[in-house]
Amino acid sequence: MSTKAKGLTLVGLVLMIFTSVFGFANGPVAFYLMGYGAILWYVLAAILFFIPFALMMAEYGSSYKGENAGLYTWLKESVGPRFAFIGTFMWFSSYIIWMVSTASKVWIPLTTFVTGRDETQVFHFAGLSSTQIVGLLAILWMLFVTFLSSHGLKRIVRITSLGGLAVTGLNVILILVSLVIWFGNGGHLAQPLDHVLTSPNPSYQSPIGVLGFVVFAIFAYGGIEAIGGLVDKTDNPGKTFPRGVIFAALVISLGYAIGIFLWGVSTNWQAVLASDTTNLGNITYVMMNNLGYELGNALGLSQATAITIGNWFARYTGLSMFLAYSGAFFTLSYSPLKTLILGTPKELWPKRFVKLNKAGMPQTAMMVQCLIVVGIIFIASFGTSNPSDFYNKLTLMSNVSMTLPYLFMIWAFPFFKKKTDLERPFVAYKNHTVTIIVSVVVFLIVAGANLFTIIQPVIEADDVESMIWMLAGPVVFTLGGLGLYALYERRHRKNLAEKFPMTK
């Protein structure tokens, strides 16, 4: 028998997981919110969420392949069609919120690339506030992307994918430049290590605030649901895959820990990040600008030269992130929607929704999606006057909406494990009791993190508006999904009863 490995080796698997999950911008966000204290929570999230959840996704992915693969099938076969559709619809809605957030944030890296700093907070035109102008620009961006992507744009996506390589280069810059600054300053850290488990950010010093940060730690490991499809591509998956997941978790959490620590080499929280103009939208560019500035200081250059270096660091970061955002946006403007309408029963949708144009795109459905995103952007931008509040709310909305669908996958897992008619090439959880315990723990972690994130603004700042914004998306889309399925169920009650006799 040939000993050649035809599938992914351990190293190859770890690299694929790392590139799918690790996000450079998660480090600056973590340092801004929790300082060095974020390291502990990122490590705990890897142990209590990343590893067990990734192994769940691996079991799903190995049991359902080819045409049977996908979130809807996983949930339908495990629990039932209504649960599956709501879960899939919630997963799709998370990308709607992501597009709302990213269409607004994409102008930050673009203006940073042009000028060296975030200019979106000083936009003014015809009596409109900066958030209103950003909202209108975001609407134009959404219309532009929808028009192009509905006609197919493989070349544009290839070009913008260069942003991924450029963002990877940011990690190298952070490590090398931080070491130069550290040695240049005689081993002195800009952010002291006096309180490594507490946050310098006033909003994240209370127990509720700290627990609310957990959703950011979970979001930092987002994308792991896609690795289930790698199981059958892995050499000797029974041994290699769990080892790969555990090793990848160690590498990713170590990468985040090192990155967060290195930001403390150049960034003093009170001196650099306490400004009202610093927010979750521009934090990466603010810290990269400061990194370049501190490099100039460590090398003994003039202040003017140090400022120039900082501006060019910010410009490079802006270009990198703009290209990465653009590539992701063009892909995600149609991919989740196409998966939703083609991966669920076609009877759920109007006939024009499931019809593909010459470019293979569901053009009518994409136009409807565009109108929904445009409507939410308009309401959000004209309903918030403070730019920092605007970007912070968008980030929180996106984090909550992107992590809530995990609850459906986790809830269905014990039911999936009970099925006896499946071929299971890969089994991580071999004991029913362990399955239940792990499922309950991971479910409570994700649910609790979202709960504390949602209630934190009300408890600590009496900010009901922020809570409403975070709840609005999931609630509205859940009700919309229930309504769509109720119409489908009413039209096809007889067929559903025959296929799923236990479904009510």
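A salt bridge here is a side-chain nitrogen of Lys or Arg within 4 Å of a carboxyl oxygen of Asp or Glu. With that in hand, let us walk through this structure, which is a predicted model.

**Charged pairs**

Side chains of opposite charge can pair when their charged atoms come close. A search of the whole structure turns up six salt bridges. One of them joins the side chains of Arg117 and Glu119, with 3.3 Å from N to O. The table sets this pair beside two others.

| Salt bridge | N to O distance |
|---|---|
| Arg117 and Glu119 | 3.3 Å |
| Lys76 and Glu77 | 3.7 Å |
| Asp421 and Lys419 | 3.9 Å |

How do the partners sit with respect to the surface? Glu119, the partner of Arg117, has a relative accessible area of 18%, so this residue counts as buried, the cut-off being under 20%. In the pair of Lys76 and Glu77, Lys76 is partly exposed because its relative accessibility is 22%. Glu77 is also partly exposed, with a relative accessible area of 31%. Asp421, which meets Lys419, has 59% relative accessibility and is therefore exposed, as that class begins over 50%.

**A nonpolar patch on the surface**

Next comes a stretch of surface without charge. Ten residues need no table here: Leu40, Val43, Leu44, Ile47, Leu48, Leu193, Val196, Leu197, Ile437 and Val441 form a nonpolar patch, and together they have about 800 Å² of accessible area. Two elements, α3 (38-63) and α20 (432-461), each give two or more residues to the patch. Helix α3 gives the most, with five residues.

Leu44 is a handy residue to look up in your viewer. Leu44 lies in helix α3 and belongs to the patch. Its relative accessibility is 31%, so Leu44 counts as partly exposed. Patch members need over 30% relative accessible area, which is why a residue at 31% can be included.

**A cavity inside**

Rolling a probe the size of a water molecule over the atoms shows where empty space is left. In this model, the count comes to one cavity of 30 Å³ or more. The largest cavity has a volume of about 40 Å³.

Which residues line the largest cavity? They are Ala380, Thr384, Phe390, Lys393, Leu394 and Trp469. By class, this lining has four nonpolar residues, one polar and one charged. Lys393 is the charged one, because Lys counts as charged, and Thr384 is the polar one. Helix α18, covering residues 387-403, gives the most to the lining, with three residues.

Definitions and conventions
Residues numbered from 1 in each chain as written. Predicted model: local features only at pLDDT ≥ 70, side-chain atom pairs only at ≥ 80, totals over all residues. Heavy atoms only, no water. 1 Å grid on protein atoms, 1.4 Å probe; cavity = no way out; pocket = protein on both sides within 12 Å on 5 of 7 lines; lining within 4 Å. Points joined across faces, edges and corners; volume = space filled by probe spheres on them. Helix = DSSP H or I, 4+ residues; strand = E, 2+ residues; numbered from the N terminus. Patch = residues over 30% accessible without salt bridge, like charges linked within 9 Å, V, L, I, M, F, W, Y side chains within 5 Å. Areas by Shrake-Rupley, 256 points an atom, 1.4 Å probe, with all protein chains shown as cover. Buried < 20%, exposed > 50% of the residue type's maximum accessible area, 1.4 Å probe, protein only.
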